[in-house]
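Student: I am new to this structure and would love a close look at one helix and what surrounds it. Could you pick one and then follow the trail into the rest of the chain?

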Amino acid sequence: MKSLTAIGFEGSANKIGVGIVTLDGTILSNPRHTYITPPGHGFLPRETAHHHLQHLLPLVRSALEEAALTPADIDCICYTRGPGMGAPLQICAFAVRVLSLLWRKPIVAVNHCVAHIEMGRAVTAADDPVVLYVSGGNTQVIAYSEGRYRIFGETIDIAVGNCLDRFARVLTLSNDPSPGYNIEQLHLFYTYLRAAISATGRRFHGKQPSFKYGVWTGLVSLSDHHQNVNSN
């Protein structure tokens, strides 16, 4: 029996990717391209959407060639419906609708967060996990209950990924290949966490602190130290 095969489009932020997978989780191809902005800058929706538009069709061709498949071998077309940045998401949504008409394939809209969790389940073979979901815009505790994934707890100030991105911009670190990777390369990752925890304790003297305020205080302190070292 032929295994079902899907082609998926992900463009919710600054990375555009086209992947082809089978129902059992086997990845046949996964080409992608990242929109890189100058150090100290984030990525804006309009410019990111233009990047995705430029690279989407070459990625589709690359995905099919790498998987040694044709559109006739694809059973469905999946795409990230959200959450994410509106303009970049629209590029993939429009492309998928066009390809669905050309290839005569059904469309499956995918929740970005649920896709991350399901990928983790496929890799780990976990049956019913409680998930600590950490991404650019989300830091949440999620589990499956009564027919759907539900959020049982989340940060109310700043997501860890967003925190790392802001820290990298303060230090004007390169965004290539990603801000978080370059923080680790500078051996600052664990150091700034210790500084943040220490700053939280000193500033609030045992009172219940804001995670965002404590972490940001530590980051700014470490940033000042880093800049002073570089200027000497």
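Tutor: Let's start with helix H4, residues 160–170, whose buried residues are Gly161, Cys163, Leu164, Phe167 and Ala168. These five residues lie on the same side of H4, because they cover an arc of only 160 degrees around the axis. The arc is taken from the directions that lead from the helix axis to the C-beta atoms. In general, an α-helix has 3.6 residues a turn, so residues three or four places apart point the same way. Buried here means under 20% relative accessible area, exposed means over 50%, and partly exposed is in between, using a 1.4 Å probe and protein chains only. Helices (H or I, at least four residues) and strands (E, at least two) are DSSP runs, numbered from the N terminus.

A word on how to read all this: the model is predicted, so local features need pLDDT of at least 70 and side-chain atom pairs count only at pLDDT 80 or more, while totals for chains, interfaces and linings use all residues. Residues are numbered from 1 along each chain as its sequence is written, and side-chain values use heavy atoms, with hydrogens and water left out.

Back to the helix. Cysteine 163 counts as buried because its relative accessibility is 4%. Cysteine 92 is buried too, at 1% relative accessibility. Even so, a search of the whole structure finds zero disulfides, a disulfide being a pair of cysteine sulfur atoms within 2.5 Å.

What follows H4? The helix is followed by threonine 172, which has a positive phi of about 50 degrees although it is not a glycine. Threonine 172 lies in the loop between H4 and H5, and with a relative accessible area of 49% it is partly exposed. That loop also holds proline 177, and the peptide bond leading into proline 177 from aspartate 176 is cis, with omega near 0 degrees.

From here we can step to another part of the chain. Proline 39 touches Thr172, Leu173, Ser174 and Asn175, not counting residues up to four places away in sequence; such a contact means heavy atoms within 4.5 Å. The C-alpha atoms of proline 39 and valine 170 are separated by 9.3 Å, although these residues are 131 residues apart along the chain. Proline 39 sits in the loop between strand E4 (32–34) and H1, and a relative accessible area of 44% makes proline 39 partly exposed.

Following the chain onward from that loop brings us to H1, where histidine 55 lies. Histidine 55 has a relative accessible area of 18%, so it is buried. Its contacts, leaving aside neighbours within four places in sequence, are Ile16 and His33.

H1 (45–67) also supplies at least two residues to the largest nonpolar core, as do strand E1 (5–10), strand E2 (15–22), strand E5 (76–82) and helix H2 (86–103). This core has 22 residues, and those with the most contacts inside it are Ile7, Phe9 and Leu56. A nonpolar core is a set of buried Ala, Val, Leu, Ile, Met, Phe, Trp, Tyr and Cys residues joined through side-chain atoms within 4.5 Å. Phenylalanine 9 shows how these parts meet: among its contacts beyond four places in sequence are Leu56, Ile77, Cys92 and Val96.

The strands named here also pair, which for two strands means that DSSP finds at least two bridges between them. E1 and E5 run parallel and are joined by four bridges, with isoleucine 7 opposite isoleucine 77 in E5 and glycine 8 opposite cysteine 78 in E5. E1 pairs with E2 in the antiparallel sense over six bridges, and a hairpin of four residues joins these two strands. Isoleucine 7 stands opposite isoleucine 20 in E2. As for E5, six of its seven residues are buried. Five bridges join E5 to strand E6 (residues 107–111), and these two run parallel; here cysteine 78 stands opposite valine 108.

To finish, look just past E5: the peptide bond from glycine 82 to proline 83 is cis, with omega near -5 degrees. Proline 83 belongs to the loop between E5 and H2.
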